[in-house]
Structures are given as C-alpha cells and as structure tokens.
Amino acid sequence: MDPSSAQDASLNQPMLSNHRNPPLVVSPLPGEVLSSELEEVLSDTSLSYFRRLQKAIAIEQHSLFQLAGPAIISYVLSNLASMSTQILCGHLGNLQLAAASLGNNGVQLFAFGVMVRKEYN
C-alpha cells in the first residue's frame, strides 16, 4: 500500500470513535436544546481533517466566548476604571494617587470576594 494513500485514508477517518458502551446522555432542561453540531462536524468524513478541525475550533471558540465573554468584559472595564482613576489622581499629587490606588484595590478585592462567595454557595 502506498504511504501517501494510507495517510489520505487516515485523514478521512472520523475524529470521534465509536465506543462499545453508549455515551452518557444528559437530558436537557425544559426549553433547552442540546446541540450535536460539534459531534456532527467531527464525524463528517466528507470533509478533510483540517477543515473538520477548523470548524470544530470555531464551534468551541463560540461556546467559550459565550461562557467567558462576560467575565472578560467585566475585568477589562474594572481595569479601565482603575486606570482612569489613577491617571486623574496622578495629576493631583502622590498622596492622592496612593489613596486612590488603595481604594481601588480594596473595592476590587471586595468585589472578587463577593463573586467567590456566590460561587461556593
């Protein structure tokens, strides 16, 4: 068998293997639809390996941004508010800049503490 044809054949294999035991199926909550789009893309042997990988990465990035997007945006806005306060207070003097910096750090620590507390309740 030609090595290049063996390589081509391996590129057209499904990325998801069939198991003897069926996977655990989680029933969706009422009104929630479970998407099998990723599994369909990974199992589609009509596409090349790299095209399937490209589509799978796009699907995963979309899902991750939906989960992490709000946290990223709140972190950026928090840092932007802290930075702008420090820039404005820096023109007033060293003592005012130090006070604003300590105040911002205290507020941020309090906010992170509240988030962690809500996470574990």
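The paragraphs below lead through the fold, the core, an aromatic pair, and then the long third helix with its surroundings in this predicted model.

The protein is built from four helices and has zero strands, so that, read from the N terminus, its elements follow the order α-α-α-α. Of its 121 residues, 11% count as buried, and the accessible surface comes to about 10300 Å², of which carbon and sulfur atoms supply 64%. When contacts between residues at least 6 apart in sequence are considered, 46% of them join residues that lie at least 24 apart.

A good place to enter the interior is the largest nonpolar core, which consists of five residues, namely L38, V41, L42, A56 and I59. Two elements, α2 (37-43) and α3, each give two or more residues to this core, and α2 gives the most, with three residues. From the position of I59 one can follow how this core is joined: leaving out residues up to four places away in sequence, I59 touches L38 and V41, which are also members of the core, and I59 touches E37 as well.

Aromatic side chains are the next topic. The structure holds one aromatic pair, and this pair is formed by Y49 and F50, whose ring centres lie 5.4 Å apart and whose planes meet at 85 degrees; because an angle over 60 degrees counts as edge-to-face, the pair is placed in that class. The two partners can also be described by their accessibility: Y49 is partly exposed, with a relative accessible area of 31%, whereas F50, at 55%, is exposed because its value is over the 50% cut-off.

Helix α3 itself spans residues 49-90, and several of its residues can be considered in turn. S82, which is found in helix α3, has a relative accessible area of 12% and is therefore buried, the limit being under 20%. Leaving aside neighbours within four places in sequence, S82 is in contact with N104 and Q108.

N104 also serves as a reference point for two other residues of this helix. A81, likewise found in helix α3, is partly exposed, with a relative accessible area of 42%, and its C-alpha atom is separated by 8.9 Å from that of N104, although the two residues are 23 residues apart along the chain. N79, which also has its place in helix α3, is partly exposed as well, with a relative accessible area of 33%; the C-alpha atoms of N79 and N104, 25 residues apart along the chain, are separated by 9.6 Å.

The last stop is on the surface, where I73, L77, L80, M83 and I87 make a nonpolar patch of about 490 Å². M83, one of the residues of this patch, has its place in helix α3. Why does M83 count as partly exposed? The relative accessibility of M83 is 45%, and partly exposed is the class between the buried limit of 20% and the exposed limit of 50%, so M83 falls within it. Membership of a patch of this kind requires over 30% relative accessible area, and M83, at 45%, therefore meets that requirement.

Taken together, helix α3 contributes to the largest nonpolar core, holds the buried residue S82, and carries M83, which belongs to the nonpolar surface patch.

Key. Residues are numbered from 1 along each chain as its sequence is written. This is a predicted model: local features need pLDDT of at least 70, side-chain atom pairs count only at pLDDT 80 or more; totals for chains, interfaces and linings use all residues. Side-chain values use heavy atoms; hydrogens and water are left out. Buried means under 20% relative accessible area, exposed over 50%, partly exposed in between (1.4 Å probe, protein chains only). Contact means heavy atoms within 4.5 Å. Accessible areas come from the Shrake-Rupley method with a 1.4 Å probe; for residues, only the protein chains shown count as cover. Patches are made of residues with over 30% relative accessible area and no salt bridge: like charges are joined within 9 Å, nonpolar side chains (Val, Leu, Ile, Met, Phe, Trp, Tyr) within 5 Å. A salt bridge is a side-chain nitrogen of Lys or Arg within 4 Å of a carboxyl oxygen of Asp or Glu. A nonpolar core is a set of buried Ala, Val, Leu, Ile, Met, Phe, Trp, Tyr and Cys residues joined through side-chain atoms within 4.5 Å. Rings of Phe, Tyr and Trp (its six-membered ring) pair if their centres lie within 6.5 Å; planes under 30 degrees apart count as stacked, over 60 as edge-to-face and the rest as tilted.
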